Amino acid sequence: MPELAANLEPIVNRRLLTTTPSAIRKFDQEISGIPGIVKLTVGEPDLNTPEHVKQAAINSINNNESHYGRQMGSLKLDQAISAYLKRKQNLVYDPETEIIVTVGATEAIATTIISLFNAGDEVIVPTPTFALYFSLLHLFGIKAVTINTAQDDFLLQPERLTKTLAAHPHAKGIILNYPNNPTGREYPETLIKKLAVILEQHQLYVLSDEIYSELTYGTKHYSIARCLPEQTILISGLSKSHAMTGYRVGYLAAPQKVIKLLTTTHALLVTAVPNMTQAAACEALSVRGDADPQKANKIYAERKDLISTGLSQLGFEIIPPEGAFYLFAKIPAKYGTNDLTFARELAHSARVGCIPGSAFGDGGIGYVRFSYAASPEKIREALKRIADFLNN
Ligand SMILES: Cc1ncc(COP(=O)(O)O)c(C=O)c1O
């Protein structure tokens with residue numbers, strides 16, 4: 001195996017040395033070796049990709065769709081995304097000029113951050129939230145101005161946004177994520193409208209990661225792009241809604257001028273998304289695919305109730321989940337506020353894996369995230385083990 005020449009080691013993007021890799025994956029790996037551990041760690045559907053979606057990918061391969069595709073995505077898929085956004089959210093995006101198909105929402109986030117901001121810029125990030133944003137901002141020398149939402153029941157409040165904008169008048173963007181990873185909180189339409197009124201008065205982009213928009217319990221998702229189409233970069237994907245994490249399909253929707261910029265970066269990074277996964281996504285986002293997230297929702301809703309009731313009965317203070325497939329729970333008072341220590345103890349002593357809340361920024365300190373994208377048997381076993389752990 002080749003050893004890197006010692007004199008090459010110092011040659012590196014220095015910011016990378018201080019960029020945290022996914023704290024979720026890191027912790028997951030740390031505890032994965034514990035024999036017999038029940039992991040409620042990663043945010044990945046345990047369901048299979050729907051058969052009709054899989055078949056579309058197979059057909060694409062069999063039809064020899066093996067050439068470089070259109071950089072912004074196959075027109076057929078862009079049309080399907082456009083129709084889907086209209087059907088679900090009453091959003092209007094031109095499939096030819098206002099949508100890009102990306103390698104998962106991950107690439108959509110990276111492409112947007114790289115394209116719009118410069119080193120030294122400030123971007124507002126309410127926390128707790130998906131940690132990828134922090135890592136990418138840091139890697140490109142962009143400063144995250146965080147707002148801790150823990151004191152506001154994990155929803156960004158208009159007053160706090162106004163205060164932050166007053167203190168950071170030159171902020172170039174804000175990154176919203178709802179339904180939220182890790183809290184499962186969903187922003188009500190009324191709150192989105194209030195936040196939009198404030199954001200409209202500022203010269204900044206709104207990056208809205210709505211990848212869990214299909215997974216809500218009770219309320220219907222309301223995209224901020226409906227209020228601020230001129231300012232919003234809508235980010236989403238099929239990983240969660242259609243159990244397609246491994247297919248790596250996401251998308252961006254935004255005004256044409258910004259899509260042009262984003263397309264340059266996207267094409268430089270990846271050229272285009274593989275044809276077969278685009279074909280699968282096209283089928284998933286067709287009217288035929290509308291039933292898939294509905295079916296999944298029913299399954300997740302039962303698991304949500306199971307884990308919410310179970311943890312509440314064990315004395316955990318929980319954030320009642322309104323979307324996604326995460327349950328955010330405060331660690332019991334007798335364990336203090338060190339969520340990393342608690343999560344480690346739970347992993348080693350109870351053999352239950354969860355993610356420390358601080359992996360999602362300051363707003364997550366003192367909490368842990370349980371993913372209930374896991375079978376009811378696993379959830380029941382985890383609850384039993386946690387009960388034994390607490391009783392001892
Ligand atoms: C909020 C959020 N955005 C984006 C992603 C990444 O999604 P994708 O698999 O489409 O890259 C995740 C994955 O966990 C997520 O939780």
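**How the terms fit this model**

User: What makes β10 (326–330) mostly covered?

Analyst: Four of the five residues of β10 are buried. A residue counts as buried if 20 or more other C-beta atoms, placed from the backbone, lie within 10 Å of its own; 12 or fewer make it exposed, and anything in between partly exposed. Four residues of β10 meet the buried cut-off, so the strand is called mostly covered. Note that this is a predicted model: local features need pLDDT of at least 70, side-chain atom pairs count only at pLDDT 80 or more, and totals for chains, interfaces and linings use all residues. Residues are numbered from 1 along each chain as its sequence is written.

User: Why is β10 called a strand?

Analyst: Strands are DSSP runs of E with at least two residues, while helices are runs of H or I with at least four; both are numbered from the N terminus. β10 has five residues, so it passes the strand cut-off of at least two.

User: How do you know that β9 and β10 pair?

Analyst: Two strands pair if DSSP finds at least two bridges between them. Three bridges join β9 to β10, so the pair qualifies. The two run antiparallel. Ile318 stands opposite Ala329 in β10, and Glu317 stands opposite Lys330. β9 and β10 form a hairpin with six residues between them. Ala324 in that turn has a positive phi of about 60°.

User: What does β10 pair with besides β9?

Analyst: Strand β13 (residues 367–371) pairs with β10 in the antiparallel sense, over five bridges. Here Lys330 stands opposite Tyr367.

User: Why are β9 and β12 called edge strands?

Analyst: The open sheet has four strands in the order β9-β10-β13-β12. β9 (317–319) and β12 (355–356) each pair on one side only, so they are the edge strands. In general, strands of a sheet pair through backbone hydrogen bonds, either parallel or antiparallel. In this sheet the pairing is antiparallel.

User: What makes a residue part of the shell around the ligand?

Analyst: Its C-beta atom, placed from the backbone, must lie within 6 Å of the molecule. 13 residues surround the ligand, and the closest are Gly104, Ala105, Thr106, Gly237 and Ser239. Helix α5 (residues 104–116) gives the most, with three residues.

User: How do the shell residues divide by class?

Analyst: The shell has three nonpolar, nine polar and one charged. Ala, Val, Leu, Ile, Met, Phe, Trp, Tyr, Cys and Pro count as nonpolar; Asp, Glu, Lys and Arg count as charged; the others, Gly among them, are polar. Gly104 is therefore polar, and Ala105 is nonpolar.
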